[in-house]
Amino acid sequence: MIKGYQTQILDIYEKIRSKNSEELRSRKKELAEKLPEVLDIQREIGKLCVKITLSVINNIENRDSYLDEIKESITDLKIKKSELLVENGYPIDYLEEKFECNKCNDTGFIGTKKCQCYKKKLVTLYYKNSDLNNVLLRENFNTFNYSVFSNRKVNDKPLTPRKNMEDISAKALYYIETFNSKSDNLFFYGEPGTGKTFLTHCIAKELLNKGFFVLYRTAENLFKDLREIRFNNTPNLENLILNCDLLIIDDLGTEQMSNFSITELFNLLNTKLLTNKKMLVNTNFSLDELMSTYTDRITSRLLGNFTLFNFYNDDDIRVKINLNKMKNQ
Ligand SMILES: [Zn+2]
């Protein structure tokens, strides 16, 4: 789905620009009928602008005073045009092209840099037909219900599951609030059904609402992407994974393990950490399982560069049923 996104976005800009030109054409057509003098003036201004351009090419005597004279005429004509428009009840910029984004004039780029509006289009496009879009409508901070977490202490945990969850949520909210100014990475671990994916969805939803580009991949899909990048040379996909505002890797450990996946995971973590690009990883593994599954190089990066959050709950089956109910609300 994320392959070929750039072509699609450029296509969107192309459509916006042709809509802009079409609207300008129809405004001109209207004025041609109702206020043709304005268009005459506009044409006159156009001719004078051509004269300025030609004067650069041709060697004209007294070029400075010649140019001053033309510029003065253009200013007079512009004033006359504005007056005519306003007197007849038209906005002063009625003959100017209108852009949805005045920063990039609907090209998506300011010089070689992507405009802010490009990212918004990317987010919309990326999530338009995704399942995640529907999931995020159901699973967000508004539907989060702490009462599905037990208020009884379990094993040797210092906090009750509910207090632990409230604590983690508060930190997640702070993470969202300070997202722009910090480069922290989050690591959620714990048994299945303890709210990791739910909270991950909450965070994704809030950051997307704030206009950040969150790339959400299950570990399995991420490794498919990495294989695609390595063997089919897809620079757009690679750029997306490396440069998104937050890469979420859901369910680390469910991917098919191979030498390839282990090397690629290490390379990915390393590159993202070196370039200060943020990640959120969640896994059903305990820390012991994590260390016995992945190489030391990987676990040291995960444990050393991520803030760790342990999710847990009472094993009571009713709690799990409640958590499922919360998901299906
Ligand atoms: Zn723009």
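## The largest pocket

In this predicted model, the largest pocket has a lining of 15 residues, and those that lie nearest its centre are Lys114, Tyr118, Lys119, Asn243 and Asp245. The space in the largest pocket comes to about 400 Å³, and its lining divides by class into 7 nonpolar, 3 polar and 5 charged residues.

At least two lining residues of the largest pocket come from each of strand 2 (113-114), helix 4 and helix 9 (235-243). Helix 4 gives the most to this lining, with 4 residues.

## The zinc site

The zinc ion has as its protein donors the SG atoms of Cys101, Cys104, Cys115 and Cys117, which lie 2.3 Å from the ion. Along the chain, these donors follow the spacing C-x2-C-x10-C-x1-C. Within this set, Cys104 and Cys117 form a pair that links distant parts of the chain, 13 residues apart, with Cys104 in the loop between helix 3 (63-87) and strand 1 (109-110) and Cys117 in helix 4 (residues 116-128).

Why is the arrangement of the 4 donor atoms around the zinc ion described as tetrahedral? The angles subtended by the 4 donor atoms are 102 to 114 degrees, and four donors count as tetrahedral if all angles lie between 85 and 135 degrees. For reference, the ideal angle for four tetrahedral donors at a metal is 109.5 degrees.

Cys104 has a relative accessible area of 4% and is therefore buried, the criterion being a value under 20%. Cys117, for which the relative accessible area is 11%, is likewise buried.

## The second largest pocket

The second largest pocket has a volume of about 290 Å³. Its lining consists of 19 residues, of which Asn155, Lys157, Glu191, Tyr312 and Asn313 lie nearest the centre of the pocket. Strand 3 (185-190) and strand 7 (306-311) are the elements that give two or more residues to the lining of this second largest pocket, and the classes represented in the lining are 6 nonpolar, 7 polar and 6 charged residues.

## Strand 6: Lys278 and Met279

Lys278 is found in strand 6 (residues 278-283), and with a relative accessible area of 9% this lysine counts as buried. Once the neighbours within four places in sequence are left aside, the contacts of Lys278 include Tyr175, Phe179, Lys182, Ser183, Asp184 and Asn185, and also Asp245, Leu246, Leu247 and Lys272. One of these partners, Asp245, is also among the residues that lie nearest the centre of the largest pocket. Lys119 is another of those residues nearest the centre, and its C-alpha atom is separated by 17 Å from that of Lys278, the two residues being 159 residues apart along the chain.

Met279 is found in strand 6 as well, and its relative accessibility of 0% makes Met279 buried. Not counting residues up to four places away in sequence, Met279 touches a set of residues that includes Tyr175, Asn185, Leu186, Leu246, Leu247, Leu269, Lys272, Leu273 and Phe306. The C-alpha atoms of Met279 and Leu215 are 9.5 Å apart in space, while the two residues are 64 residues apart in sequence.

## Thr299 in helix 12

Thr299 lies in helix 12 (residues 296-305). Is Thr299 buried or exposed? With a relative accessible area of 4%, Thr299 is buried, and, not counting residues up to four places away in sequence, Thr299 touches Leu290, Met291, Tyr294 and Gly304.

Key: Residues are numbered from 1 along each chain as its sequence is written. This is a predicted model: local features need pLDDT of at least 70, side-chain atom pairs count only at pLDDT 80 or more; totals for chains, interfaces and linings use all residues. Side-chain values use heavy atoms; hydrogens and water are left out. Donors are N, O and S atoms within 2.8 Å of the metal (3.2 Å for Na, K and Ca); water is not among the atoms, so sites may look incomplete. Four donors count as tetrahedral if all angles lie between 85 and 135 degrees; four count as square planar and six as octahedral if opposite donors are over 155 degrees apart and all others between 65 and 115; anything else is irregular. Buried means under 20% relative accessible area, exposed over 50%, partly exposed in between (1.4 Å probe, protein chains only). On a 1 Å grid over the protein atoms alone, a cavity is a set of points where a 1.4 Å probe fits but cannot get out, and a pocket is an open set with protein on both sides within 12 Å along at least five of seven lines; lining residues have an atom within 4 Å of a point. Grid points are joined across faces, edges and corners, and a volume is the space filled by probe spheres set on the points. Ala, Val, Leu, Ile, Met, Phe, Trp, Tyr, Cys and Pro count as nonpolar, Asp, Glu, Lys and Arg as charged, and the others, Gly among them, as polar. Contact means heavy atoms within 4.5 Å.
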